[in-house]
Amino acid sequence: MIRNYWKIAWRNIIKNKGYSVINIGGLAVGMAVAILIGLWINDELSFDKNHKNYGEIAQLRYTNYDKSSNTIGGSDGVPIPMGDALKNEYKQNFKHILMAWWISDFTLSSGDNKITTKGEFIEPEVIDMLSLNMLSGTNKSLADPHSIILSQSKAIAIFGNENPIDKSLKIDNSIEVKVTGVYEDLPINSKFGEVQFFAPWALWVSSNNWVQESTDDWENSSFNIYVQKHPNMSYAAINASIKDLFYKPVIRTDLNFKKEAYLYPMSQWHLYSDFKDGRPDDGRITFVWLFGIVGIFVLVLACINFMNLSTARSEKRGKEVGIRKAIGSAKSALIFQFLSESILVVVIAFILAVSLCVLSISWFNNLAYKDLAIPFYNPIFWLLALAFIVFTGLLAGIYPAFYLSSFQTIKVLKGKIHLGKFASIPRKLLVVVQFTVSVALIIGTIIVYQQIQYASDRPIGYSREGLITVPINGSNFQGKYDLLKSELLNTGLVNDMAVSSSSLTQLNNHQSQFNWQGKDPDVQASFACTYVSHDFGKMATWQVINGRDFSRSFASDSSGIIINETAAKYLNFENPIGEFIKSKDGSKSWQIIGVINDLVMNSPYEPVKRGFFFLDVKYSDANRINIKIKPTISANKALPQIESVFKKVVPSASFDYRFVDDEYAQKFNQEQRVGKLSTFFAILAIFISLLGLFGLASFVAEQRTKEIGIRKVLGASVSNLWQLLSKEFVLLVIISSIIASPIAWYFMHNWLQNYTYHTEISLWVFFVAGTGALVITLLTVSFQGIKAALMNPVKSLKSE
């Protein structure tokens, strides 16, 4: 019997090729989207799960209450003494407590071979905590303070096929280390996936005087602490015990400025990376839910096509149902037959969907910045695929199965299957659902791109044109900055060169240990601090609003400070020029010599931070060399000569330049990926909806062939007939646009609230989305409408 059902199903597919193509094509596209989104969601949810201790690893963070603005912020940068306090007072809660420096770019060199890569200085127990798979070496490979362990790919990149163990390397041309281990590369869906080497924390301390000076400094929150808790300890219990960690030492007496320590579990690092009141709130989990819902909706749209076309063509199968019932077929058997047909269609669509995924997976990986693959050799994948096929088959076929099997035998055999004017209402409702989803996706996509463009057009306060930045190790360049600048200017390719402690697109140093006249003693405000050379402002083309820029004509500028507009408003001086900013202990004092315009150095979606700029006369805090190429010179011509100057002045240096324009553009990467994915899904949703609409329009035109013939004989024009066949679908799309608009507004308005600096939702967005949907609907329906209207009425009426 089952074989008979499948035979009939196959014959129906072959007999009705046009409708079969629409059904199978729509389902294949919908299932392909669902599979790709499923792979993407699985990758997101499995982030960091390659670490065996995934559920026990956390990072120490703290929240801080800013009384001046009545806001609560937070930071993952913590002081070194906090690590000592954890080890001394709370070690019973943890397996490991590791001090670390930030994951950063470093240059590894072996002879003339230099490679810039990301690495981390961290305590030796990192091997056990992250469960690194050591291909060479042991879990004690970082015990030597001058050791380093490399990822397998980086070891091959540096040493080729040679055994790297006991080979010497230099980090940033100054820190000498010996390779003591090689570990298997971590997957890309891990926080540490980009890290290509680990080196001991003790080496970082011994190599940097400023770090040594910070070992007892509770004010310098420039470091990281990672922990692995004992399995029997809960995060809630540990957080309750360490929340006042900042106030345990006697030195912490400023209780009016509240800081609260807590653990940020690894399970939240990726999916809950946005913070509200200093605590993890939302993040990529929003996109997981969003794209999960989109995937379900796109699949439902394809299933709606199947439902609509199956029920619309019910008259053609009515007699089959009547005959089967007349010879004794039960309703349950008919339901099973029609479900078998839908399952067969879904199986064919699934095969086609997998083929589409194989063909598009590379493109999708580039779009989503992923490394996804279809797990053909994983039995769980095939079990899920079977469940997916059955679910989709039931979803697409259950309504048509019950609908067709409900026909009464006598009526259908007498040809009285016409169900009246209300029979098409369910189909119309399903079409409205389809286009509501499609129009909502179009609106959402437009708003995402609006937000990206809005932030891109934001005035940033400096010029990025022709500006490159070169990360450096300061010790290699000590005493050579002026020579380097002179040589660069002599090339005739460069307008200026300046040194800074951070890039123009990144703020690395936030400090709060400042006092000034009129300061509320209960308030401890944080300021973004950047150390610069004399010509930094000229090179960045910042605008001095009040006072003056740093100048070599004033030796006193070594104790001067320039503040931005946001800081000036916060300090609330009547005239800030000449006022003093003092360190908290009073040992240092800086006189304000200038106020500049706000520079967007952090996220383009967030307010500008309060900024202090200090003159770095001795270049002791230099981490970046910034070079302004002349606008009349192409970068391709300038860069090789600039590199040769670097090699001449500092032969051991690596010229790893970056365009500031590119660094700034990277701040939009996540939103741009969301925009591209939204566009992709919106296009497919519209395509599937139009595919179904095309099929329905074909059916309506076929159903009304004789009516159209009679109308033509009575004098109806082609435009009259086109309007007759199109107006019903146009009305459905208009209704869909009206329903979709408030739904899309609600979700996109809430999404925009995640950004302090965001665009407003304009009415034209809804008009454009609705009009666009209407135009492509008319184009789709018109083909069938005009084709029917142009048909010779003699052919349509000859059987009468």
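## Salt bridges, a lined pocket and local backbone features

Both Glu663 and Arg624 are buried. In this predicted model, the two residues form a salt bridge with each other, and the closest N and O atoms of the pair are 3.2 Å apart. The bridge links distant parts of the chain, since Glu663 belongs to helix H21 (residues 660–665) and Arg624 to strand E25 (residues 624–629), with the two positions 39 residues apart in sequence. Glu663 and Arg624 also take part in a network of salt bridges, in which they are linked with Asp105, Lys118, Asp656 and Arg658.

The structure as a whole holds 20 salt bridges, and two further examples can be described in detail. In one of them, the side chains of Asp535 and Arg552 meet with an N to O distance of 3.2 Å. Asp535 lies in the loop between strand E19 (527–532) and helix H18 (536–540), whereas Arg552 lies in the loop between strand E20 (544–547) and strand E21 (560–564), so the pair ties together parts of the chain that are 17 residues apart in sequence. The two partners differ in their surroundings, because Asp535 is buried, with a relative accessible area of 12%, while Arg552 is exposed, with a relative accessible area of 53%. In the other example, a salt bridge joins the side chains of Glu162 and Lys167, with 2.8 Å from N to O. Lys167 has a relative accessibility of 26% and therefore counts as partly exposed, given that this class covers values between the 20% limit for buried residues and the 50% limit for exposed ones.

With regard to the overall architecture, the protein chain has 26 helices and 26 strands. Of the 800 residues in the protein chain, 53% are buried. When contacts in the protein chain between residues at least 6 apart in sequence are considered, 78% of them join residues that are at least 24 apart.

Such contacts can be followed at Tyr619, a residue of the loop between strand E24 (611–615) and E25. Tyr619 has a relative accessibility of 15% and so counts as buried, the limit for this class being under 20%. When its neighbours within four places in sequence are left aside, Tyr619 is in contact with Gln478, Tyr481, Asp482, Val499 and Ser533. For one of these partners, Ser533, the separation along the chain is 86 residues, yet the C-alpha atoms of Tyr619 and Ser533 are separated by 7.2 Å.

The second largest pocket contains about 760 Å³ of space. Its lining is made up of 28 residues, and those that lie nearest the centre of the pocket are Ala34, Ile35, Gly38, Leu39 and Leu384. Two or more residues of this lining are given by each of helix H2 (17–45), helix H10 (284–312) and helix H13 (379–405), and H2 gives the most, with nine residues. By residue class, the lining of the second largest pocket comprises 21 nonpolar residues, five polar residues and two charged residues.

Helix H2 is also one of the elements that flank Asp48, which is placed in the loop between H2 and strand E1 (57–66). Most residues other than glycine have a negative phi. Asp48, by contrast, has a positive phi of about 70 degrees although it is not a glycine. This residue is buried, as the relative accessible area of Asp48 is 0%. A second positive value in a residue other than glycine is found at Thr541, where phi is near 55 degrees. Thr541 is placed in the loop between H18 and E20, and with a relative accessible area of 34% this residue is partly exposed rather than buried.

Finally, the cysteines were considered. A search of the whole structure finds zero disulfides, that is, no pair of cysteine sulfur atoms lies within 2.5 Å. Two individual cysteines may be noted in this context: Cys303 is buried, with a relative accessible area of 0%, and Cys357 is likewise buried, with a relative accessible area of 0%.

Definitions and conventions:
Residues numbered from 1 in each chain as written. Predicted model: local features only at pLDDT ≥ 70, side-chain atom pairs only at ≥ 80, totals over all residues. Heavy atoms only, no water. 1 Å grid on protein atoms, 1.4 Å probe; cavity = no way out; pocket = protein on both sides within 12 Å on 5 of 7 lines; lining within 4 Å. Points joined across faces, edges and corners; volume = space filled by probe spheres on them. Helix = DSSP H or I, 4+ residues; strand = E, 2+ residues; numbered from the N terminus. Nonpolar A, V, L, I, M, F, W, Y, C, P; charged D, E, K, R; others polar. Buried < 20%, exposed > 50% of the residue type's maximum accessible area, 1.4 Å probe, protein only. Salt bridge = Lys/Arg side-chain N within 4 Å of Asp/Glu carboxyl O. Contact = heavy atoms within 4.5 Å.
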